[in-house]
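Let's walk through a protein together, one piece at a time. Have the sequence and the 3D view ready, and follow along as we go.

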Amino acid sequence: MSAPDDVLVSVRGLKTYYSIRGSFLDRLVGRTGAAVRAVDDVSLELRKGEVLGLVGESGSGKTTLGRTLLGLVPATEGTVEFEGQDITHASEHDRRLLRRRMQIVFQDPHASLNPAMTVAQAVGHPLEIHGLARGREEVRARVADVLERVGLAPAEQFMDKFPSDLSGGQKQRAVIARAIILNPVLLVADEPVSMLDMSVRAKILELMLALKHDFDLTYLYITHDLATAKFFCDRIAIMYLGRIVEIGPSEAIYADPKHPYTQALLRAIPEPDPRRTIPRDLPRGEVPDASRPPLGCSFHPRCPKAFEVCGWESRDLKELLERRWAGLGEEGFEAEQAAVGPMEALDVAKTHVRLAAHGGAHGSDLRGLLDRARAADPAEPFWTGVQEMRDANGSLEIDWYDPVEPRLLPADSVEVECHLYDETALAEAAQRRQSRIPQ
Ligand SMILES: Nc1ncnc2c1ncn2[C@@H]1O[C@H](COP(=O)(O)OP(=O)(O)O)[C@@H](O)[C@H]1O
Ligand code: SF4
Ligand SMILES: [Mg+2]
């Protein structure tokens, strides 16, 4: 553990939920008061002088976490401490002071700059609003200095230009200049290069590393690109559906990824040598809806290694059937779909369902259908989660095991949130396997 005075930011049990009204249909079926769980119980520390990478697919909650940290979005639960002070509910006055110390650089440099302001006006603006420079000359002198530092040199050539006169890379340099002119200690960089041309990305990242050194900065670097994070970050946190699923030193994450999601993200990095053919696909399916996350481990519907304890439920059955039907001929698909009937009942997460047979079929036909699905793909992890199937008066009843919530636990030099590294969960799974009722 690092000494407390090494820690710049400490986040504990942070949740940021966005409330959504839902559609008319949602309200009709009683799905009101739903919330998007954009950040769902995150704890982490940012140490002084480090670059912490926050990596995950789009929609995983990276931006929301970065913005909550800076107080741009209110936390629903939990705390954010900055330099030892709880700033979760800081007053507007304190926030103003904090903005000198914590800055953010957004993805789109074009949208970040007011088209009607010159570079000098934009970059000098923070000095003016915080009343930190005496007179126009001092503002210009400090702007000139910071422009040179970000590589917009000679500064005189850039000061009176408008954003429309600059390239994408130059705009992002100006945005970075504006972010560092107040001498902050923390910079949250939210995908700062993802909208720039490939050719300038590395240059901007090199600039950011040089500035970090010159200005003693600490970075939270947000990206969906694990490849660039490798050379840029000291530590990496992998985020999935609002949670940190793995966190540790960059070398460890790249050399020995533990979480199946991290492993998949690494496999998805294009191989520089085209003769090597490594599968590059991310796991099946998409990132699920963050207002209705899967039970148990949120990654289980996509996880190739999921097993008995990972949180199997009704929605997984629906997905399994849909995947199967996509691969069947029209006739087979129509017959099976007619027997199963409408599947809305499977949309609400449940570990017990009673599936009524339709179209003249019987419960035993449904069982036959599921047996065929299983025989076609016996390695499918879904089947490990089925505790029992029973025919009952024209229906098939299915029970899944209770979900077990994964916890972020140490594993070698990282921390990982996956049952594969949790002795208690492994023991529970072994017991379930032994006592399973033969189907
Ligand atoms: N203002 C908002 N209102 C409602 N939902 C939001 C809002 N902003 C983001 N979300 C949702 O929160 C989740 C996380 O989004 P975001 O933090 O932008 O993730 P990322 O930066 O990883 O793409 C997504 O499901 C997104 O649709
Ligand atoms: S707990 Fe681990 S094995 Fe289970 S679904 Fe999640 S990532 Fe996969
Ligand atoms: Mg984002």
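**A guided walk through the model**

Ligand 2 has 13 residues around it, and those that come nearest are Cys297, Cys303, Ala306, Cys310 and Cys418. Sorted by class, the shell around ligand 2 holds nine nonpolar residues, three polar ones and one charged one. Keep in mind that what you're looking at is a predicted model.

Now step back and take in the whole chain. The protein chain has 439 residues, and 38% of them count as buried. You'll find 16 helices and 15 strands in the protein chain. The C-alpha trace spans about 85 × 55 × 45 Å along its principal axes. What about contacts along the chain? Among contacts with a separation of 6 or more, 66% link residues that are 24 or more positions apart. The domain assignment splits out domain 1, covering 4-267, and domain 2, covering 314-400. The centres of domain 1 and domain 2, taken over C-alpha atoms, are separated by 45 Å.

On to the other ligand. Which residues surround ligand 1? The list is Tyr18, Val36, Ala38, Gly56, Ser58, Gly59, Ser60, Gly61, Lys62, Thr63, Thr64 and Ala290. Four of the residues in the shell around ligand 1 are nonpolar, seven are polar and one is charged. Two elements, β2 (35-47) and α2 (62-69), each contribute at least two residues to this shell. The largest share comes from α2, with three residues.

That helix also leads us to a sheet. α2 lies across β3 (51-55), β6, β7 (186-190), β8 and β9, and runs at about 155° to β8. What is the order of the strands in this open sheet of eight? Reading across, the order is β6-β7-β8-β3-β9-β10-β15-β14, and the pairing is mixed. The edge strands are β6 (102-105) and β14 (409-411), each of which pairs on one side only. From one strand to the next, the twist averages 20°. As a bit of background, strands of a sheet pair through backbone hydrogen bonds, either parallel or antiparallel.

Zoom in on one pair from that sheet. Strand β9 (residues 235-240) and strand β10 (residues 243-249) run antiparallel and are joined by six bridges. One of the partnerships is between Arg235 and Pro249, the latter in β10. Leu241 sits in the loop between β9 and β10. Is Leu241 buried or exposed? Leu241 counts as buried because 24 C-beta neighbours lie inside 10 Å, and the cut-off for being buried is 20 or more.

Leu241 has another feature to look at. Most residues other than glycine have a negative phi, and most peptide bonds are trans. Phi of Leu241, however, is positive, near 45°. Glu191 isn't a glycine either, and its phi is also positive, at about 50°. You can find Glu191 in the loop between β7 and α9 (198-215). Glu191 counts as buried because it has 20 C-beta neighbours inside 10 Å. As for peptide bonds, the one from Ala153 to Pro154 is cis, with omega near -5°. Pro154 belongs to the loop between α6 (135-149) and α7 (156-159).

Next, have a look at His224, in the loop between β8 (218-223) and α10 (226-232). Why does His224 count as partly exposed? There are 18 other C-beta atoms within 10 Å of His224, and partly exposed means a count between the limits of 12 or fewer for exposed and 20 or more for buried. Setting aside neighbours within four places in sequence, His224 is in contact with Val55, Gly56, Glu57 and Ser58. Gly56 and Ser58 are also among the residues around ligand 1.

Finally, there's an open sheet of three strands, in the order β11-β13-β12, with antiparallel pairing. β11 (352-356) and β12 (386-392) stand at the edges with a single partner strand each, so one side of each has no neighbour in the sheet. Neighbouring strands here are turned by 15° against each other on average, direction ignored. β12 and strand β13 (residues 395-400) pair over six bridges. Val386 stands opposite Trp400 in β13, while Ala392 has Ser395 as its bridge partner. β12 and β13 form a hairpin with two residues between them, and Asn393 in the turn has a positive phi of about 45°.

Key: Residues numbered from 1 in each chain as written. Chains lettered and ligands numbered in written order. Predicted model: local features only at pLDDT ≥ 70, side-chain atom pairs only at ≥ 80, totals over all residues. Near = placed C-beta within 6 Å. Helix = DSSP H or I, 4+ residues; strand = E, 2+ residues; numbered from the N terminus. Nonpolar A, V, L, I, M, F, W, Y, C, P; charged D, E, K, R; others polar. Pairing = 2+ DSSP bridges. Axes fitted to C-alpha atoms, helices over the stretch in contact; angles between N-to-C directions. Contact = placed C-beta atoms within 7 Å. Domains from an automatic or database assignment.
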